[in-house]
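Student: I should like to take a close look at one part of this protein. May I ask for a connected account of that part and of its surroundings?

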Amino acid sequence: MLRFWVPLTALIAFSAYTVYAIATSDQSLGAFASELMRRPTTALVVFDVYLALLMLAVWMFFDARRRGHGLAYLLVFYVITFCFGSAGPLAYLTLRGWRDWRAAPRHTPSSL
C-alpha cells in the first residue's frame with residue numbers, strides 16, 4: 001500500500017509546486033533554461049539532473065520489461081520525465097504501486 005501512497009503524495013506535491021512556480025514566474029521557461037545554461041555552475045546542475053533522469057529512464061525500461069510492458073507503455077512516462085523531471089518517475093512508481101496493490105491477494109476470514 002505504501003508503494004502506492006508515497007509516490008502519489010510526492011507526485012501531487014511536486015506537481016502542485018511545479019504549477020505554482022510556472023504560474024508565478026516572471027519569465028518564460030525558455031528564458032529560464034537559457035539563463036541556467038549561461039553559467040558553468042548552474043549548467044552542471046542541469047546536466048547532473050538530466051543524467052539522473054536518464055538513469056531513472058533506463059531503470060524504468062528494465063523494470064517495465066520485467067513486468068511485461070513494452071516501450072510504448074513507457075513513452076508517456078519518458079515525455080513527462082524529460083519535460084517535467086521527477087514527475088515522470090513518480091507517475092511510473094505510482095502506477096506500478098497501484099497495480100501491485102490491486103494484484104495482491106486479499107486476506108478474508110474463512111467461512112465456517
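Student: What volume does the largest pocket have?

Tutor: In this predicted model, the largest pocket has a volume of about 840 Å³. Its lining comprises 21 residues, and those closest to the centre of the pocket are Leu-29, Phe-32, Leu-36, Tyr-50 and Cys-83. In character, the lining divides into 15 nonpolar residues and 6 polar ones, with no charged residue. At least two lining residues come from each of the helices H1, H2 (29–38), H3 (40–66) and H4.

One of these contributors, helix H1, merits further attention. Helix H1 covers residues 2–24, and at 1.5 Å a residue its 23 residues should span 33 Å; the C-alpha atoms at its ends are 33 Å apart, so the expected and computed values agree. Within H1, the buried residues are Phe-4, Pro-7, Leu-8, Leu-11 and Thr-18. The buried residues of H1 pack against two other helices, H4 (71–84) and H5 (87–103).

The wider setting is the chain itself, which has 5 helices and 0 strands. For 112 residues, a compact globule would have a radius of gyration near 13 Å, whereas this chain has 18 Å. Its C-alpha atoms fill a box of roughly 70 × 30 × 25 Å along the principal axes. Buried residues account for 23% of the 112 residues. Of the contacts between residues at least 6 apart in sequence, 60% join residues at least 24 apart.

How values were computed: Residues numbered from 1 in each chain as written. Predicted model: local features only at pLDDT ≥ 70, side-chain atom pairs only at ≥ 80, totals over all residues. Heavy atoms only, no water. Helix = DSSP H or I, 4+ residues; strand = E, 2+ residues; numbered from the N terminus. Expected span 1.5 Å × (residues − 1). Buried < 20%, exposed > 50% of the residue type's maximum accessible area, 1.4 Å probe, protein only. Contact = heavy atoms within 4.5 Å. 1 Å grid on protein atoms, 1.4 Å probe; cavity = no way out; pocket = protein on both sides within 12 Å on 5 of 7 lines; lining within 4 Å. Points joined across faces, edges and corners; volume = space filled by probe spheres on them. Nonpolar A, V, L, I, M, F, W, Y, C, P; charged D, E, K, R; others polar. Rg over C-alpha atoms; globule rule 2.2 N^0.38 Å.
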